[in-house]
Amino acid sequence: MGPKQDPFVDNAHPIGKAMESEDKDGKDASEQANTQTGGDADRLATFNQYRGLLFSVAYRMLGSVADGEDMVQETFIRWQQAANEEIRSPRAFLVTVITRLSINQLQSARVRREEYVGEWLPEPLVTGPESDPLGALKVDESLSMAFLLLLERLTPMERAVFLLREVFEYEYEEIANVLGQSEANCRQILRRARGHVGEVRRRFDASAREHSDLLARFLKATRSGDLQGLVDLLAGDVVLHTDGGGKGIALAKEVHGADTVARTILDRMGRQVPKEAVARMANINGEPGFVGYFNGKLLSAITIDVRDGRIQGIYVVTNPEKLSRLPNLPSAPH
């Protein structure tokens with residue numbers, strides 16, 4: 001018996017014929033004619049043009065920087081190996097490959113997450129021109145911890161359809177070709193996905209200034225042990241999410257309610273977080289957050305979800321494996 005075939009992507013697939021139209025983000029008919037011929041340098045230049053888009057798709061699909069980068073690398077290998085006649089449209093070819101690879105990877109990851117210690121959260125990603133892993137990363141509310149955690153409610157196929165339609169604004173015909181589904185089926189999958197995550201776009205309406213202000217007040221209240229001040233910042237149904245992966249400071253499960261969350265944060269901080277720990281503000285997953293350090297080493301990444309002027313969700317990642325790609329301790333602000 002031969003090796004098991006990838007159900008979506010194998011060496012003989014006609015991916016390049018899957019989609020001739022481009023997505024709405026930078027469509028350009030001239031790209032159709034500038035890459036099907038030429039040597040490795042031309043192929044590399046074209047691939048680099050779409051690296052940011054490819055990582056944007058893979059990271060949102062998988063919630064992992066490491067897995068996202070792996071999917072980009074695997075897509076590059078298949079891009080290099082593809083015959084010219086397979087590539088009707090470079091963007092279509094590349095997005096199809098990475099989407100299908102990500103679906104397969106997510107199906108495997110779901111099995112591993114069943115054995116994960118405690119709550120699983122996406123790997124935090126520091127965003128900004130100097131920290132973009134692969135260049136030109138699409139940054140919007142769909143990159144936030146809250147949004148990515150909502151996507152965990154979806155099956156891999158639902159997640160792919162939802163992201164391609166709602167975030168990357170693909171037409172149903174394009175989505176159908178990427179996923180090898182009918183347009184009618186893609187519409188049905190999207191309806192089902194929307195039902196699982198709700199009207200997510202309405203949730204992410206806080207301004208950057210409001211978000212930063214609440215984050216600064218949150219940090220001040222936790223440092224000073226101001227219980228009432230902390231409670232006043234939290235929505236009544238606030239949820240505290242922590243991910244230590246069995247290797248960092250974390251809770252066994254989510255904590256709900258303003259008073260309980262505030263007391264839990266102050267109690268755990270007082271007993272387990274070193275007093276010498278320092279925090280540096282950073283843009284995490286496209287939103288204001290902060291990274292904690294102890295003795296110059298990474299300790300945590302914290303972001304908040306803001307709605308109606310209150311903190312609706314708190315996301316704390318302490319698993320060292322998920323912090324390894326965050327920046328080292330920067331100099332103290334002046």
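These exercises walk through a predicted model of one protein.

Residues are numbered from 1 along each chain as its sequence is written. In this predicted model, local features need pLDDT of at least 70 and side-chain atom pairs count only at pLDDT 80 or more, while totals for chains, interfaces and linings use all residues; side-chain values use heavy atoms, with hydrogens and water left out.

**Exercise 1. Take stock of the whole protein.**

Step 1. Start with the elements: the protein has 11 helices and six strands. Both are DSSP runs, numbered from the N terminus: helices are H or I with at least four residues, strands are E with at least two.

Step 2. Turn to burial. Of the 334 residues, 51% count as buried (under 20% relative accessible area, 1.4 Å probe, protein chains only).

Step 3. Look at contacts (heavy atoms within 4.5 Å). Among those between residues at least 6 apart in sequence, 70% join residues at least 24 apart.

**Exercise 2. Describe the largest nonpolar core.**

Step 1. Fix the term: a nonpolar core is a set of buried Ala, Val, Leu, Ile, Met, Phe, Trp, Tyr and Cys residues joined through side-chain atoms within 4.5 Å.

Step 2. Find the hubs. The largest core holds 51 residues, and Leu54, Met61, Phe162 and Leu179 touch the most other members.

Step 3. Trace the suppliers. At least two residues each come from H1 (40–62), H2 (65–81), H3 (90–113), H4 (145–151), H5, H6 and H7 (183–197). H1 gives the largest share, 10 residues.

Step 4. Zoom in on leucine 54. Leaving aside residues up to four places away in sequence, leucine 54 touches Phe47, Val72, Thr75, Leu94, Val95 and Ile98.

Step 5. Look for another core. A second, separate one has 26 residues, including Ala221, Leu240, Ala279 and Ile304.

**Exercise 3. Work out how H5 meets H6.**

Step 1. Check the axes, which are lines fitted to C-alpha atoms over the stretch in contact, with angles from 0 to 180 degrees between N-to-C directions. The axes of H5 and H6 come within 10 Å and cross at roughly 145°.

Step 2. List the partners. H5 brings Met157, Ala160, Val161, Leu164 and Arg165; H6 brings Tyr172, Ile175, Val178 and Leu179.

**Exercise 4. Place phenylalanine 168: is this residue buried or exposed?**

Step 1. Locate phenylalanine 168: the loop between H5 (156–167) and H6 (172–179).

Step 2. Judge the burial. Phenylalanine 168 counts as buried because its relative accessibility is 5%.

Step 3. Compare positions. Phenylalanine 168 and serine 56 are 112 residues apart along the chain, with their C-alpha atoms separated by 9.4 Å.

Conventions: Buried < 20%, exposed > 50% of the residue type's maximum accessible area, 1.4 Å probe, protein only.
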